[in-house]
Amino acid sequence: MEKNKLTTSTAEDTVTISRTEYENLLEDKRQKEWLLEQLRLARKKKFGASSEHLSEEAYEQLSLMFDEPAAYKQPPEEEPEAEETVEVQAHSRKKRSGSAREILPENAEVEEETHELPEEARLCPQCGEVMQPIGKEVRETLKIIPAKVILHRDIYVTYGCGSCKQNDVSVPVMQTLKEPALIPGSCASAEAVAHIAVQKYVMGSPLYRQEQEWNCQGVMLSRQTMSNWLLRCADDWLAPIYGVLRKLLLARDLLHADETEVQVLHEPGKAPQTQSYMWLYRTGSDAEYPIVLYEYQPGRGKDYPKEFLEGFRGYLQTDGYAGYNSVEGAIHVGCWAHVRRKFNDALEVSGKGKKSPTAAQGVAYCTQLFKLEEQWKDLTPEERQKKRSEQAKPVLDAILAWSKTRTAAPKSKLGIALNYLKNQWPTLTTYLQDGRIEVSNNRAERSIKPFVISRKNFLFANTTNGAQSCAVLFSLIETAKENHLDPCRYLTWVLKEAPKRSVSDPNWPQTLIPQNAPPDCR
């Protein structure tokens with residue numbers, strides 16, 4: 001029994017407790033530290049800066065604990081040959097005044113109105129002659145005209161032969177050929193649907209807000225009608241183009257992927273509060289014509305990326321989620337931004353004035369890799385790959401050796417960061433194989449951000465069909481933006497051309513992808 005007792009001593013007294021009580025005290029202490037970590041991290045995310053760079057305080061503390069200058073200083077570069085220098089005069093940039101000329105583009109429409117005195121008011125007070133203009137004062141203002149609604153009428157004329165009618169002969173009748181309707185039996189136009197889609201998926205204005213705005217202008221356009229227009233156009237005209245883009249996406253050598261939550265209220269077999277997922281797949285920096293595709297799925301299982309990326313053979317860069325490992329034929333690439341983020345979280349939760357030196361060193365290592373990539377951003381992929389072998393690989397070797405000497409509680413933020421680094425290490429070094437691969441998956445995170453921002457406004461999808469149509473619309477809009485197209489003009493062009501081309505050209509979706517858009521969509 002004495003073996004299960006522990007004795008603790010202080011200057012005043014001695015207390016004997018059982019080993020079980022001692023372990024419970026340790027567990028309570030660990031639980032308290034974990035809760036404090038979560039509180040500090042929540043405060044930091046809500047009120048703190050989003051930058052993951054080390055503060056001066058952390059650098060100073062790190063320098064007292066470690067003497068590893070080789071891990072942080074820039075690798076030596078070859079000294080360039082002396083070049084002839086030319087002195088140039090320093091210049092200063094003029095501060096913007098906020099005038100209309102600086103706000104508007106150069107090709108903006110200009111409306112002029114000349115104000116003159118009536119002739120009787122221009123009589124000279126000395127001689128009585130009419131005074132002539134000798135100068136002008138110009139005042140420029142910015143005029144904003146709200147979106148207006150026009151009732152457009154297509155009138156198709158029918159023709160008959162007057163001579164045959166007079167001769168009591170059967171009268172031939174000819175009709176002007178009608179253009180196919182965007183939505184048969186509906187008053188929807190390409191311009192209207194494109195405007196509604198851009199307002200919702202680019203500007204973040206839900207349909208109920210658009211309904212209020214139109215009603216204020218006397219246009220009784222309901223959210224149900226607008227929703228039906230979007231769903232019908234997405235299914236009939238945009239989904240086939242989405243299919244063509246998917247085939248082009250799978251033919252690439254380098255892809256990025258990510259996923260985020262979305263709530264669907266009426267989903268078969270699931271409660272309204274259950275989370276579904278919006279998956280993102282996009283091309284890398286090597287694509288001449290970028291492609292960004294979203295896909296709605298009811299869960300986060302491994303079969304979803306496997307099915308969507310079936311046939312893909314190349315590098316797949318993700319955040320390390322194990323579900324992507326099911327993609328056969330893909331070479332998986334890790335994300336150093338996630339490594340840095342986890343060490344930065346561990347640094348932030350360590351408490352003010354006692355920053356964790358291990359977490360600080362982890363952030364410093366990651367920052368060094370990103371600084372090297374910044375130096376090489378203008379190099380060719382071949383040159384960048386060579387530089388990585390020469391300068392980034394030694395840093396990676398130092399990180400691996402360093403991580404093997406560090407330990408932390410598995411559930412702590414530092415323990416999570418170290419475990420993530422060790423578990424993802426094979427994929428984190430894959431970027432050394434090809435200079436086209438990026439050091440992080442930030443490209444995918446930037447592409448999924450517009451959906452996350454819009455989700456804060458429209459909150460949820462009503463049905464699964466609505467969620468998938470949302471994915472199609474987001475895909476066409478974000479791909480258009482990546483190809484430097486105006487999304488409203490591009491959607492208007494697509495919705496005008498698709499009904500006409502579908503009548504005679506079975507390959508019409510291929511002709512309407514963003515890279516084939518006319519110049520006036522740019």
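**Surface patch.** I looked first at the surface of this predicted model, where Ile103, Leu104, Leu142 and Ile144 form a nonpolar patch whose accessible area comes to about 390 Å² together. I then placed Ile103 in the secondary structure and found it in helix 3, which spans residues 100-103.

**Confidence.** I checked how far the model can be read, and noted that the pLDDT averages 85 over the protein, with 84% of the residues scoring at least 70. Residues 61-80 have a pLDDT below 50, although in the model this stretch has 29 contacts beyond near neighbours in sequence. Where pLDDT is low, the predicted coordinates should not be read in detail, so I leave those contacts unexamined.

**Cores.** I looked up the largest nonpolar core and found that it has 73 residues, with Ile241, Tyr294, Leu309, Leu316, Tyr490 and Leu491 making the most contacts inside it. Helix 7, residues 223-250, supplies the largest share of this core, namely 13 residues. For Leu491 I set aside the neighbours within four places in sequence, and listed Ala194, Ala197, Val198, Leu238, Leu476 and Ile477 as residues in contact with Leu491. I also noted a second, separate core of 35 residues, which includes Ala337, Tyr365, Leu396 and Trp402.

**Gln212.** I turned last to Gln212, which is found in helix 6, residues 207-216. I entered Gln212 as partly exposed because its relative accessibility is 47%, which lies between the cut-offs of 20% for buried and 50% for exposed. From Gln212 to Ser222 I recorded a C-alpha to C-alpha distance of 8.8 Å, the two being 10 residues apart in sequence.

Definitions and conventions
Residues numbered from 1 in each chain as written. Predicted model: local features only at pLDDT ≥ 70, side-chain atom pairs only at ≥ 80, totals over all residues. Heavy atoms only, no water. Patch = residues over 30% accessible without salt bridge, like charges linked within 9 Å, V, L, I, M, F, W, Y side chains within 5 Å. Areas by Shrake-Rupley, 256 points an atom, 1.4 Å probe, with all protein chains shown as cover. Salt bridge = Lys/Arg side-chain N within 4 Å of Asp/Glu carboxyl O. Helix = DSSP H or I, 4+ residues; strand = E, 2+ residues; numbered from the N terminus. pLDDT = per-residue confidence, 0-100. Contact = heavy atoms within 4.5 Å. Core = buried A, V, L, I, M, F, W, Y, C linked by side-chain atoms within 4.5 Å. Buried < 20%, exposed > 50% of the residue type's maximum accessible area, 1.4 Å probe, protein only.
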